[in-house]
Amino acid sequence: MAYTHISLLFLANFLLQVAVARAKVPAIIVFGDSSVDAGNNNQISTIAKSNFEPYGRNFPGGRATGRFSNGRIPTDFISEAFGLKPTVPAYLDPMYSIKDFATGVSFASAGSGYDNATSDVLSVIPLWKELEYYKDYQTELRAYLGVKKANGVLSEALYVMSLGTNDFLENYYAFPNRSSQFTIKQYEDFLIGIAGNFVHQLYGLGARKISVGGLPPMGCMPLERTTNFMNDAECVEDYNNVALDFNWKLKALVMKLNKELHGAKIVLSNPYYILMNIVKRPSVFGFENAAVACCSTGMFEMGYACSRLNPFTCNDADKYVFWDAFHPTQKTNSIIAYHVVNKFLAQFL
């Protein structure tokens, strides 16, 4: 199915109408990495930041919030599709308070992963710390709404997890520590164990609607294609195969968790195939370039290397699948998000 601008608007409006009419999900609660970090890394000491131009140039108000995109990220579009706010704020952002977080909050940290060693690479917030922030949030929400109402929000909220790419690309394949300890299959299993334990902890804290995010075709990110010069800068198939294998293991985990956790509904939200379709057939989706990114040369830059002073940055990000060498544009994020809502999360609407 080709996602034209008109069909996207139609889908968005339809989902909004359904969500407003039924309002089953009172809040979106987010854990993960740069795919869903709304600005938490702005408040910590790390080089993994994006709170400067040209990031955010298409965000409402043209503000660089710390989102790794030219505009909104997938969880923003998911929130909107559920009839909630058009953006999900970062928990550590001092601009917001519990009043704002009551309908959605992101604990995600760019550069993080399932593995604690992954978050150590760029000194970012590890997944266990994201969970500690969530516990603090629970306390604040109960003080704000009252215990009964807050517990209702926490049990009916949609919990979104989006992470794992950094565990492979920024950790396993980049440094010898984990690769000397584990084969790639063993490392996948190690991460699956952490993912399962994290869902169990969320469940113990009251979560009942949980979306576990699958891996994208990570070998097709511009950074990986740039380094694959021996194969004419095509997608790195080994990395894509790891993503596919890991997603199959996540699917098995989700099936197992649904049997174990009474009253929970856990889904695998898999972005792999929709993003691969966009990369392989960009023109069908209204894009002109999927091999390189909009920002700077589009080959390897992200974060501080994606500078507002760089003369190569494109004028129209909507023509590009990727914004920087690692992250999609706002337009791509919208297509992925509405696909995920329609295919995997519609049961929660």
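1. The salt bridge between Asp-115 and Arg-178 deserves attention at the outset, with its closest N and O atoms 2.7 Å apart; the term is used here for a side-chain nitrogen of Lys or Arg within 4 Å of a carboxyl oxygen of Asp or Glu. Asp-115 sits in the loop between β2 (104-106) and α4 (116-121), whereas Arg-178 belongs to helix α8 (residues 176-181), so the pair ties together parts that are 63 residues apart in sequence. Helices (H or I, at least four residues) and strands (E, at least two) are DSSP runs, numbered from the N terminus. Asp-115 and Arg-178 are each buried, where buried stands for under 20% relative accessible area, exposed for over 50%, and partly exposed for values in between (1.4 Å probe, protein chains only).

2. Some points on the basis of these values should be kept in mind. This is a predicted model, in which local features need pLDDT of at least 70 and side-chain atom pairs count only at pLDDT 80 or more, while totals for chains, interfaces and linings use all residues. Residues are numbered from 1 along each chain as its sequence is written, and side-chain values use heavy atoms, with hydrogens and water left out.

3. Over the whole structure the search finds ten salt bridges, and Lys-249 takes part in more than a single pairing, as the next two contacts show. With Glu-188, the Lys-249 side chain forms a salt bridge of 2.9 Å, N to O; Lys-249 lies in helix α11 (residues 237-260) and Glu-188 in helix α9 (residues 184-204), so this contact ties together parts that are 61 residues apart in sequence. With Asp-189, Lys-249 forms a salt bridge of 3.0 Å, N to O, and because Asp-189 also lies in α9 while Lys-249 lies in α11, the parts tied together here are 60 residues apart in sequence. Salt bridges that share partners join Lys-185, Glu-188, Asp-189, Asp-245 and Lys-249 into one network. Within that network, Glu-188 counts as buried at 1% relative accessibility, whereas Asp-189, at 43%, counts as partly exposed.

4. Which sides of strand β1 are covered? Both faces are, since Ile-28, Val-30 and Gly-32 on one side and Ile-29 and Phe-31 on the other are all buried, which agrees with the count of five buried residues out of five for β1 (residues 28-32). In a regular strand the side chains alternate between the two faces of the sheet. Strand β1 pairs in the parallel sense with β2 over three bridges, and Val-30 stands opposite Ser-106 of β2. The pairing of β1 with β3 is likewise parallel and runs over five bridges, with Ser-162 of β3 as the bridge partner of Gly-32; two strands are taken to pair if DSSP finds at least two bridges between them.

5. The structure holds one cavity of 30 Å³ or more, and about 530 Å³ of space lies in the largest cavity. A cavity is defined on a 1 Å grid over the protein atoms alone as a set of points where a 1.4 Å probe fits but cannot get out, and lining residues have an atom within 4 Å of a point. Of the 34 lining residues, the closest to the centre are Ser-35, Pro-74, Ser-162, Pro-216 and Pro-271. The elements that give two or more residues to this lining are α2 (74-81), β3 (158-162), α7 (165-172), β4 (209-213) and α13 (330-345), with the largest share, five residues, coming from α13.

6. Three disulfides are found in the whole structure, each being a pair of cysteine sulfur atoms within 2.5 Å, and they follow the pattern 1-2, 3-6, 4-5 when bonded cysteines are counted along the chain. Cys-220 and Cys-235 have their sulfur atoms 2.1 Å apart, and the torsion about their S-S bond is about 115°, so this disulfide is right-handed. Cys-294 and Cys-314, with sulfur atoms 1.9 Å apart, form a left-handed link with -95° about the S-S bond. Cys-295 and Cys-306 are joined at 1.8 Å, S to S, and their torsion of about 105° means that this disulfide is right-handed. Cys-295 and Cys-306 both lie in the loop between α12 and α13, so the pair ties together parts that are eleven residues apart in sequence, and both cysteines are buried.

Conventions. On a 1 Å grid over the protein atoms alone, a cavity is a set of points where a 1.4 Å probe fits but cannot get out, and a pocket is an open set with protein on both sides within 12 Å along at least five of seven lines; lining residues have an atom within 4 Å of a point. Grid points are joined across faces, edges and corners, and a volume is the space filled by probe spheres set on the points.
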